[in-house]
Amino acid sequence: MKALPFPVIFQRKHIALSLCLFLTCVFFPSFSQNTATIYGRITGVEKVPVEDVSVSIFGSSKAPVRTDKYGKFEYEIPSGKEVVVVFSNPGFEQLEVTVNLSSGQRFEVSRQLEIKNTGIIIQVEDMKLRVQPMQRLDNKALAYLPSVTGDFNDLLRTQIGTLKGNELSSSYSVRGGNFDENLVYVNGIEVYRPFLVRSGQQEGLSFVNPDMVSSVLFSAGGFEAKYGDKMSSVLDIQYRKPRKNAGTVSASLLGSNLHLEGCSSNLRFRWLFGARYKTSKYVLGSLDTDGEYKPGFGDVQTYLTYDITDEWELGFLANYAHNQYNVIPENRETDFGTVNKALRLAVYFDGQELDKYDTYTGAMVLNYSRKKESRIKDLNMKFITSAFRTFESEAFDIQGQYYIDELENDFGKTTFGQVKNNLGVGTFLDHARNDLDAIVISEEYKGSFSYKGGRNEFLWGARAQRELITDQLSEWKYIDSAGFSLPQNPARSIDLQDVIKTKHITGSERFMAYVENIWSKRTRDTAEITFTTGVRANYWTLNEQLVVSPRATFAFKPNWKRDVVLRASSGFYYQPPFYREMRDLEGQLHPDLKAQSSVHFLLGSDMNFKAWRRDFKFIAEAYYKYLDNLVPYEVDNVRVRYYAQNSGRGYATGIDMKVSGEFVNGIESWASIGYLKTAEDIRNDYFYDYYNSDGQQIIKGYTFNNIPVDSIRHEPGAIPRPTDQRVSFGLFFQDYLPKFPDFKMHLSLIFGTGVPFGPPDFAKYKDTLRMPPYRRVDIGFSYQLVKEDKKLKETNPFRFLKSVWMSLEVFNLLQTSNTVSYLWVKDATGRQYAIPNYLTARQLNARIMFRF
């Protein structure tokens with residue numbers, strides 16, 4: 001065959017190639033060059049990246065894209081013509097950008113969105129939170145809450161279910177439980193409180209730094225299986241992940257705080273740093289006991305995160321706290337008694353007390369997060385390694401010479417209010433040399449994913465924990481009245497009381513795991529049903545006990561005009577003993593002690609409503625808790641001493657209500673009220689009344705074994721638990737002057753009926769006396785000197801600051817003498833007197849805060 005000439009071959013190949021290119025452009029347009037690409041970064045106020053901004057083409061059916069957590073996006077648009085690109089997000093004003101790009105061109109479109117100016121505050125609330133017995137707390141209020149301690153836990157004092165009392169302490173009790181029955185998490189890491197603290201003034205700073213907090217969740221009962229093994233409550237705190245450089249500096253008569261935060265330019269590395277110093281010397285000067293107080297509490301804390309990739313994140317949390325309390329008491333004078341019989345205690349002290357608490361906490365968190373549009377999406381996994389260590393010591397030798405006097409109560413006499421006669425003279429001596437070293441190391445893995453369109457969620461987790469505790473106790477007390485050692489001894493020997501001399505080294509392991517499923521469905525009438533079920537298990541090697549805790553919550557959101565969610569929760573909440581529960585009143589350990597248990601039954605409602613054209617929320621919860629295998633305990637101030645026996649069973653029941661919202665336009669306030677009744681029945685706690693041959697009662701005894709002949713046995717039955725505070729009320733209210741909105745008032749009002757107490761003989765059936773009610777009003781007045789939206793002159797030294805606040809606070813405005821505990825003394829006849837230990841009196845405080 002004759003070969004074709006080259007021009008003919010080229011012409012045929014050119015036609016075939018052109019035809020292929022045409023067909024490719026028609027049927028596979030993505031391979032054509034009729035498109036261009038825009039990319040960029042969307043930010044909001046102060047260049048903070050805005051996530052989840054929709055990027056779309058106006059009038060086009062092309063699917064939009066959304067910005068990631070760094071505010072970045074990339075979007076393909078048609079080329080060769082004018083295109084209007086729309087940027088939209090519910091919280092910001094819509095932005096439109098017109099571009100006309102050539103084929104294949106890449107063009108940067110980085111813009112800053114403006115916040116919508118609607119005139120009202122829109123609160124976006126996660127429905128997943130409302131269907132659980134959890135509430136989100138307003139942590140921003142902490143900056144303005146008048147508080148003696150300035151501690152984060154002061155936010156809980158006005159919340160539902162919490163016991164109201166002792167403004168010096170950061171410890172809290174919930175619905176009949178004690179201080180050791182509460183879970184606290186920071187970024188998913190469990191944190192601990194000191195072991196040896198006896199009184200509120202000894203407590204330092206709690207772990208949580210308010211300046212670093214992003215969100216706060218609190219549950220007073222009925223919480224999910226993903227939370228740990230405690231009987232009362234859970235506090236779930238998340239620290240911020242900064243998207244800009246910022247900081248705060250504050251100072252007051254009670255201490256100072258420094259907080260710094262920032263991030264890298266690509267937002268992959270973020271850091272938080274906080275340093276706090278607190279001294280309560282000024283406040284403690286208002287106590288009945290005069291002396292030289294030298295308290296000093298400080299901590300340093302940091303939280304670092306680094307995004308290794310878009311899916312993997314590495315986090316590091318570290319804290320060091322040094323708390324020291326030193327007091328050299330001098331004298332004390334306390335008036336007590338009644339109008340008919342007014343008494344006075346005068347004590348002259350020698351000696352001093354020195355307590356130290358050093359704690360170290362560190363945690364490394366590796367987080368994996370993947371969001372894919374598939375059957376299983378929003379996959380999250382966390383690998384956590386954490387370590388906690390505390391060195392605690394308390395040492396005191398305090399001698400007190402006391403006088404009990406009766407005062408003149410006749411108004412007509414010139415000596416009214418002066419000493420009429422002496423009822424007793426004595427001396428007491430308290431001694432202690434206690435040291436504790438505790439180490440807790442844990443490894444944890446937990447994860448979650450959603451399915452069926454994201455409406456359902458499955459969670460799981462496992463944790464292994466190692467504990468090593470070294471404890472050495474050496475303490476005793478001695479009481480002498482007019483030369484007689486009490487109790488009196490015929491042999492004239494010196495008898496010491498409450499002698500404890502022990503040393504223990506305890507090591508153990510715990511293994512925990514849980515699974516949980518959250519199932520949601522929308523009915524035909526658009527009502528929503530959510531059913532949360534879960535189970536967790538805990539095994540402790542020391543007592544070789546395995547406990548399994550099933551838990552469930554059912555939530556129903558009816559299709560009503562009002563936004564209401566109805567809930568019902570129930571579950572088993574076992575609390576395996578920690579070290580303090582195992583140590584009895586004599587300092588001996590009981591490693592065979594079993595877990596306490598609480599079965600929760602809870603009905604609740606969550607309603608959002610409007611009043612005065614403003615948003616409000618009303619929460620109500622009724623509950624009943626059946627308590628078993630209880631370990632009875634005594635409470636003195638904040639010191640909890642356990643009997644180390646599973647000898648009690650009881651209950652706690654009540655109702656709590658809270659309303660929150662803008663009582664004054666633009667600022668949040670809230671009020672809570674609750675009723676509680678809790679009691680316990682201790683097995684084998686009977687006692688006898690002894691009688692002589694004439695039938696006269698001669699003594700009341702307390703025994704477990706031998707039955708005396710001339711006696712009558714009594715069964716005390718159910719007695720109030722130490723935290724049985726029947727009625728409680730908490731209020732935090734804010735207001736401002738209409739013509740001067742920068743001048744604000746912040747009011748905290750707390751009321752709680754008295755809790756039970758009794759003589760210090762560890763006979764629980766006697767603990768049926770009641771302290772006076774706790775009543776306290778704190779008020780603060782603040783003024784904003786510099787505002788964010790106000791531009792200052794170039795010569796103004798405050799031009800680099802975002803805001804400057806000054807405040808004046810009045811603590812205990814009504815000068816109420818609140819009782820926290822009692823000092824028990826005896827005269828030569830053995831008669832006991834309960835002298836109240838009062839809390840702080842009225843005090844002033846000044847604060848200033850800079851934000852930059």
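Good morning. I shall begin with two strands, E19 and E20, which run antiparallel and are joined by 28 bridges. Please bear in mind throughout that this is a predicted model. Within that pairing, Asp350 stands opposite Gln399 of E20. On the next pairing, E20 and strand E21, residues 419–451, are linked by 30 bridges, again in the antiparallel sense. Here Ser393 faces Asp435 of E21. As a general reminder, the strands of a sheet pair through backbone hydrogen bonds, either parallel or antiparallel.

Let me turn to another sheet. Which strands form it, and in what order? It is an open sheet of four strands, ordered E3-E2-E5-E6, with antiparallel pairing. At its edges lie strand E3, residues 65–66, and strand E6, residues 95–100, each of which pairs on one side only. Inside the sheet, strand E2, residues 54–57, is joined to strand E5, residues 82–88, by four bridges. One position to find on the display is Ser54, which stands opposite Ser88 in E5.

I now come to the nonpolar cores. In soluble globular proteins, nonpolar side chains tend to be buried together. In this model the largest nonpolar core has 31 residues, and those with the most contacts inside it are Phe152, Val186, Leu235, Ile237, Tyr239 and Leu317. Strands E10 (182–186), E12 (213–219), E13 (233–239) and E19 (342–370) each supply at least two residues of this core. What does Val186 touch, if residues up to four places away in sequence are not counted? Its partners are Val191, Phe207, Val208, Ile237, Tyr239 and Leu317. There is also a second, separate core of 21 residues, which includes Tyr357, Phe388, Trp540 and Val640.

Next, the cavities. How many cavities of 30 Å³ or more does a search of the whole structure find? The search finds 10. The largest cavity holds about 950 Å³ of space. It is lined by 48 residues, and the closest to its centre are Asn182, Val191, Tyr192, Arg193 and Lys230. Several elements each supply at least two residues of this lining, including E10, strand E18 (312–337), E19, E20 and helix H4 (579–582). By class, the lining has 20 nonpolar, 14 polar and 14 charged residues.

The second largest cavity has a volume of about 190 Å³. Of its 18 lining residues, Leu473, Arg583, Arg639, Val640 and Arg641 lie nearest its centre. Strand E22 and strand E31 (639–642) are the elements that give two or more residues to this lining, and E31 gives the most, with four. The residues of this lining divide into eight nonpolar, two polar and eight charged. Val640, then, appears both in the second core and beside the centre of this second largest cavity.

I shall close with a single residue, Gly228, in the loop between E12 and E13. Is Gly228 buried or exposed? It counts as buried, because its relative accessibility is 5%, and the cut-off for buried is under 20%. Leaving aside neighbours within four places in sequence, Gly228 is in contact with Leu183, Tyr185, Phe223, Arg536 and Arg551. Gly228 and Gln575 are 347 residues apart along the chain, and their C-alpha atoms are separated by 8.9 Å.

Thank you for your attention.

Conventions: Residues numbered from 1 in each chain as written. Predicted model: local features only at pLDDT ≥ 70, side-chain atom pairs only at ≥ 80, totals over all residues. Heavy atoms only, no water. Pairing = 2+ DSSP bridges. Core = buried A, V, L, I, M, F, W, Y, C linked by side-chain atoms within 4.5 Å. Buried < 20%, exposed > 50% of the residue type's maximum accessible area, 1.4 Å probe, protein only. Contact = heavy atoms within 4.5 Å. 1 Å grid on protein atoms, 1.4 Å probe; cavity = no way out; pocket = protein on both sides within 12 Å on 5 of 7 lines; lining within 4 Å. Points joined across faces, edges and corners; volume = space filled by probe spheres on them. Nonpolar A, V, L, I, M, F, W, Y, C, P; charged D, E, K, R; others polar.
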